[in-house]
Amino acid sequence: MASKAIELEVGGRAVRVSNPDKVYFPDRGITKRQVVEYYVAVADPLLGALRDRPTTLKRFVDGITGEWFYQKRVAKGAPDWVETATIKFPSGRAADEVCPTEPAVIAWAANLGTFD
């Protein structure tokens, strides 16, 4: 059964965490909320590596033991404060990728099941 969504304040922004009690790491019982809180705690060093760089998200929507996929394009319904950068593929096609600029973007991506 899904748990009720919550909002976390991250750098002055409200970040919605859907189903915060969903277990993402079953061997340790680590929940989605704990994953989001961890990424908020380490957001500054992460942004040192990722800030202003187009980023493909590797999403594990059913937790670390489930299927994963790469999401190249920013998710529909992303908050307006999630900045993007347009990249072009060798095929000539383009995509708007997430461009992390602040801790709230890291938290938002973690809520989508992005671990690496």
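# Helix α3 and its surroundings

Me: Is the crossing of α1 and α3 left-handed or right-handed?
Reply: Happy to start there, keeping in mind that this is a predicted model. When the near helix is turned clockwise from the far one by less than a right angle, the crossing counts as right-handed. For α1 and α3, the crossing is right-handed.

Me: Which residues of α1 and of α3 make the contact?
Reply: Let's take the two helices in turn. On the α1 side, the contact is made by Lys 32, Val 35, Val 36, Tyr 39 and Val 40. On the α3 side, the partners are Ile 106, Ala 107, Ala 110 and Asn 111.

Me: By class, how many nonpolar, polar and charged residues does the contact of α1 with α3 have?
Reply: Lys counts as charged, and Lys 32 of α1 takes part. Asn 111 of α3 takes part too, and Asn falls in the polar class. The full tally for this contact is 7 nonpolar, 1 polar and 1 charged.

Me: Are α1 and α3 roughly parallel or roughly antiparallel to each other?
Reply: Their axes lie 9 Å apart, and the helices pack at an angle of about 155 degrees. Angles over 145 degrees count as roughly antiparallel. The two helices are therefore roughly antiparallel.

Me: How many of the residues of α3 are buried?
Reply: Buried here means under 20% relative accessible area. Among the residues that qualify are Ala 104, Val 105, Trp 108 and Asn 111. The helix is largely enclosed by the rest of the structure, because the buried count is 8 of the 9.

Me: Which element supplies the largest share of the largest nonpolar core?
Reply: This core has 25 residues, and Val 15, Trp 81 and Trp 108 have the most contacts inside it. At least two residues each come from β1, β2, α1, α2 and α3. The largest share, 7 residues, is from α3.

Me: Which residue of α3 that is in contact with Trp 81 is also among those with the most contacts inside the core?
Reply: Leaving aside neighbours within four places in sequence, Trp 81 is in contact with Arg 13, Ala 14, Val 15, Glu 102, Ala 104, Val 105 and Trp 108. Within α3, the buried residues include Ala 104, Val 105 and Trp 108. Of these, the one listed with the most contacts inside the core is Trp 108.

Me: Does Thr 55 count as buried or exposed?
Reply: Thr 55 sits in the loop between α2 and β5. Not counting residues up to four places away in sequence, Thr 55 touches Leu 50, Glu 97, Val 98 and Pro 100. With a relative accessibility of 15%, Thr 55 counts as buried.

Note on methods:
Residues numbered from 1 in each chain as written. Predicted model: local features only at pLDDT ≥ 70, side-chain atom pairs only at ≥ 80, totals over all residues. Heavy atoms only, no water. Core = buried A, V, L, I, M, F, W, Y, C linked by side-chain atoms within 4.5 Å. Buried < 20%, exposed > 50% of the residue type's maximum accessible area, 1.4 Å probe, protein only. Helix = DSSP H or I, 4+ residues; strand = E, 2+ residues; numbered from the N terminus. Contact = heavy atoms within 4.5 Å. Axes fitted to C-alpha atoms, helices over the stretch in contact; angles between N-to-C directions. Parallel < 35°, antiparallel > 145°, perpendicular 65-115°, else oblique.
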